Amino acid sequence: MQALLFDGQLRLVHDYPEPSALPGEAIIRPHLIGICNTDIEITRGYKGFKGVLGHEFVGTVVACQNTSWVGRRVVGEINAACGGCTTCLRGDASHCPERTTLGIKGRDGAMAELFSLPVACLHAVPDDVPDAAAVFTEPLAAALEILEQSHLRPTDRVAIVGDGKLGLLCAQALRLPGCEVVVVGRHAERGELLHAQGIAMMPAEAIRPGAAVDQFRSPGLPIAWSQSFDVVVDCTGQPGGLALARRLVRPRGRLILKSTFAGDSTLDLSAVAVDEVRLIGSRCGPFAPALRLLARGLIATEPLIAGRFALRDGQNAFRAAAGQLKILLEV
């Protein structure tokens, strides 16, 4: 079968072995696969993964011992846990030390004509959620994990640093408790989606060291922002973005880390300690609420799609994905 393989270089192969239907697993034929920044970082050396890429997908189950799944349209959680270790038994399956992770660690991903995933990871897609929205379930769930981990009050002032795919999803998710939300980014043209939902946008170049009392007013919105926030979420995917996010957190505020990238950070941890900033790592999140939000039309996904490519044109798709919003692969 065709598959987009990374083995030190990204290449399309035409004779990749089809997956076997193992006990407890389903064989899935993907319809759409999203290219995530993590996929791009893997091609730069992140996690040392070699194999078929891809963990954001919507597809149809074509084979499974539990025949009730066959023919169903599904999305899937990316962590395949053992289910029997101490970590799993305490309810932290996504941190199972024996887990494999779809297209990231020890398990081939979705950028192929077929792939396998445990039935325990599957979620049926409601009929009223089209493929082009369902493919965003995994990153939207990751955005919702912030709300799972950390209570946001309606009075909190929240900054999302990074106006890429995940940043725009996080902004939409974190507005739901009634928070004032601003996105700090470098692409002014992406502000239209945000302004339509009452989310302000601040140009990254407006943030200067020592300018904590400066005010920024978003065009068309009656909100003036000082450069000090209760909660700041780094979605930039680069070390410089993390440093920028740190400058925005007030003392005793929360800095939530969403970025995964190949490289080291030079974050000043002494300053974090002095300001008593809470650092919260945040990764995968709940799929069922993500699907509910998509079904109810509460999250806009269509404006986030920058282009579509056939799987056979996957190398060009990866080249197009750098610095863009969501690029989708069609199978």
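Start with the cysteines of this predicted model. A search of the whole structure finds zero disulfides. Select Cys88 and Cys85: Cys85 holds the cysteine sulfur closest to that of Cys88, at 3.6 Å, which is too far for a bond, since a disulfide needs the two sulfur atoms within 2.5 Å. Cys88 counts as buried, because its relative accessibility is 11% and the limit is under 20%. Next select Cys121. The closest cysteine sulfur to its own is in Cys284, 10 Å away, again too far for a bond. Cys121 is buried as well, with a relative accessible area of 6%.

Keep Cys284 selected and move to the second largest pocket. Its volume is about 460 Å³. The lining has 24 residues, and those closest to the pocket centre are Glu77, Asn79, Ala93, Ser94 and Cys284. Helix α4 contributes the most to this lining, with three residues.

Asn79 leads to the next stop. Select residues 79–80, which are strand β7, and residues 106–107, which are β9. Together with β8 they form an open sheet of three strands, in the order β7-β8-β9, with mixed pairing. β7 and β9 are at the edges and have a single partner strand each, so one side of each lacks a neighbour in the sheet. Now add residues 100–102, strand β8: this strand pairs with β9 in the parallel sense, over two bridges. To see the register, pick Thr101, which stands opposite Gly106 in β9.

Go now to the start of the chain and select residues 3–6, strand β1. Which of its residues are buried on each side? Ala3 and Leu5 are buried on one side, Leu4 and Phe6 on the other, and both faces are covered. In a regular strand, side chains alternate between the two faces of the sheet.

Add residues 10–13, strand β2, which pairs with β1 in the antiparallel sense over four bridges. The hairpin of β1 and β2 has three residues between the strands; one to pick is Gly8, whose phi is positive, near 110 degrees. Then add residues 51–52, strand β4, which runs antiparallel to β1 and is joined to it by two bridges. Leu5 is a useful marker here: it stands opposite Arg11 in β2 and opposite Val52 in β4.

The nonpolar cores come next. In soluble globular proteins, nonpolar side chains tend to be buried together. The largest core in this model has 46 residues, of which Val158, Ile160 and Val233 touch the most other members. Elements giving two or more residues to this core include α4 (137–149), β12 (157–161), α5 (165–174), β13 (180–185) and β17 (229–234). The largest share comes from α5, with six residues.

Centre the view on Ile160. Leaving out residues up to four places away in sequence, Ile160 touches Gly167, Cys170, Ala171, Leu174, Val181, Val182, Val183, Val184, Val233 and Cys235. A second, separate core has 45 residues, including Ile27, Phe57, Cys284 and Phe309. Cys284 thus turns up once more, having appeared among the residues closest to the centre of the second largest pocket.

Finish at helix α7, residues 239–248. Its buried residues include Gly241, Leu242, Leu244, Ala245, Arg246 and Leu248. What covers the buried residues of α7? Among the covering elements are β12, β13 and β17, along with β18 (249–257) and α8 (269–274).

Note on methods:
Residues numbered from 1 in each chain as written. Predicted model: local features only at pLDDT ≥ 70, side-chain atom pairs only at ≥ 80, totals over all residues. Heavy atoms only, no water. Pairing = 2+ DSSP bridges. Core = buried A, V, L, I, M, F, W, Y, C linked by side-chain atoms within 4.5 Å. Buried < 20%, exposed > 50% of the residue type's maximum accessible area, 1.4 Å probe, protein only. Contact = heavy atoms within 4.5 Å. 1 Å grid on protein atoms, 1.4 Å probe; cavity = no way out; pocket = protein on both sides within 12 Å on 5 of 7 lines; lining within 4 Å. Points joined across faces, edges and corners; volume = space filled by probe spheres on them.
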